[in-house]
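The following paragraphs offer a guided reading of the structure shown below. They proceed from strand pairing to helices, and then to the packing of the interior.

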Amino acid sequence: MTKTEIEDLKTNLQSYLESHGIDTNKLFRCVNPDHTDNNPSMEYFKDHKVYCYGCRACYDLFGVISAMENVDRSEAVKRAINYYTNGYMPKIYKPKPKDIRKEENGTPKDYTKAYEVWKKNFSKNDIAKNYLINRGIDLQTAERFNVGYNTFKFGDVEFNAVIIPSSKNCFTARNVDLNCNSKNRHYRPTGCQSEIFNVSALKNDTPYCVITEGEFDCLSFETLGVNAIALGGIYNISKLKDAEKDKNKTLILALDNDERGKMTTEELIAYFKENNFKYLVFDNCGFKDANQALVEDKERFENSIKELIQQLNKKLKTQENEM
Ligand SMILES: [Zn+2]
């Protein structure tokens, strides 16, 4: 087979997923065997890739076959050739019993009371406060966003975490133990709906709103007094489209500088153009994300974003005068 033919095979990803009972029109459970995905976090993209918002795995067809059939990449390529050029259809994938997601019944859990307690815990806990300070977030911002602290117990594993509430039913918890393994770094309650974080920033009087990916990126901008939202652990583009109706606001895209972030930026730009939204792109000074920019070079990060906003304000003023 030629290289192009092998490349072409990748366009079968959607059909492969669908033939394994996965609905590619919505988020589905991550196929990475190292990620216990209790909330569906993986999305299929039209460029024949899947991306997980939880563990950030990004796979093409061969990557998905490797993950789901537990083979290495070269074997996955062989299998794909078999499936899609020799007319051999893959077996229907049946999730292992432990993978079957329990349907949530009844109303989602309300954490309002817990948040109050966790917020008090935070104010008394130096480890939690230092965790935030080390990530560049000031304590007034933490207070404003009701950041909390709690110890969760999963079996005999203790998980000491900073909690960032995103709605009364949903929060993100970050393990403050920096040596913890990657599986125990984040926690989100099962079944909680991922909401846009700080959604009010889209509706206030500020003439712009920065759009980030993660809660810490949003808090990084807010620490500098810059109006921002986070799309949530999930890039909730459809939710953003629902929430954003104010065409007078300039939206500043500041997503992560990785493949996934760039793809989402492009997707949003296309949407903004189509619907006549005003937008700008901010590259987080070339860092991986806003939080890394804040931690690594606060001065440059702050100057760059403020300069962009200043230019925007100037432009808006001129337009006002012209009217
Ligand atoms: Zn994952």
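**Strand pairing, helices and cores**

Strand β11 (residues 278–281) pairs with β10 in the parallel sense, over four bridges. The model in which this pairing appears is a predicted one. Within the pair, Ile252 stands opposite Leu280 in β11. The connection is made through helix α10 (residues 259–274), and β10, α10 and β11 together make a right-handed β-α-β unit. Strand β10 (residues 250–253) also pairs with strand β8 (residues 208–212), again in the parallel sense and over four bridges. Here Tyr208 stands opposite Thr250 in β10.

A second arrangement of strands is antiparallel: four strands form an open sheet in the order β4-β5-β6-β7. Because β4 (148–154) and β7 (186–187) stand at the edges, each has a single partner strand, and one side of each is left without a neighbour in the sheet. Strands of a sheet pair through backbone hydrogen bonds, in either the parallel or the antiparallel sense. For β4, the partner is strand β5 (residues 157–167), to which seven bridges join it in antiparallel fashion. Asn150 stands opposite Ala161 in β5. Helix α5 (residues 112–123) packs on the sheet and touches β4 and β5, and its direction makes about 110 degrees with that of β4.

Strand β5 also contains Ser167. Is this residue buried or exposed? Ser167 counts as partly exposed because it has 17 C-beta neighbours inside 10 Å, whereas a buried residue requires 20 or more. The C-alpha atoms of Ser167 and Asp110 are separated by 9.0 Å, although the two residues are 57 apart along the chain.

The interior may be considered next. Which residues have the most contacts inside the largest nonpolar core? They are Val162, Ile163, Cys209, Val210 and Ile229, in a core of 46 residues. Domain 2 (112–187) and domain 3 (199–322) both give residues to this core, which therefore lies between them. Leaving aside residues up to four places away in sequence, Val162 touches Ala128, Tyr131, Leu132, Val147, Tyr149, Arg174 and Val176. A second, separate core has 23 residues, including Tyr16, Phe28, Cys52 and Tyr83.

Two helices illustrate how burial is distributed. In helix α3 (residues 61–69), the buried residues are Leu61, Phe62, Val64, Ile65 and Ser66. These pack against α1 (3–9), α2, β2 (49–52), β3 (58–59) and α4 (73–85). Asn70 follows α3 and has a positive phi, near 55 degrees. Helix α8 (residues 215–223) is mostly covered, with nine of its nine residues buried. Among them are Phe216, Cys218, Leu219 and Phe221, together with Glu215, Asp217 and Glu222. Just after α8, Gly225 takes a positive phi of about 80 degrees.

Helix α2 (residues 13–19) contains Ser15. With 15 other C-beta atoms within 10 Å, Ser15 is partly exposed. The C-alpha atoms of Ser15 and Leu61 are separated by 9.9 Å, while 46 residues set them apart along the chain. Leu61 is itself one of the buried residues of α3, and α2 is among the elements against which the buried residues of α3 pack.

Note on methods. Residues numbered from 1 in each chain as written. Predicted model: local features only at pLDDT ≥ 70, side-chain atom pairs only at ≥ 80, totals over all residues. Pairing = 2+ DSSP bridges. Helix = DSSP H or I, 4+ residues; strand = E, 2+ residues; numbered from the N terminus. Contact = placed C-beta atoms within 7 Å. Axes fitted to C-alpha atoms, helices over the stretch in contact; angles between N-to-C directions. Buried ≥ 20, exposed ≤ 12 C-beta atoms within 10 Å, placed from the backbone. Core = buried A, V, L, I, M, F, W, Y, C linked by C-beta atoms within 7 Å. Domains from an automatic or database assignment. Right-handed = clockwise from strand over helix to strand, strands pointing away.
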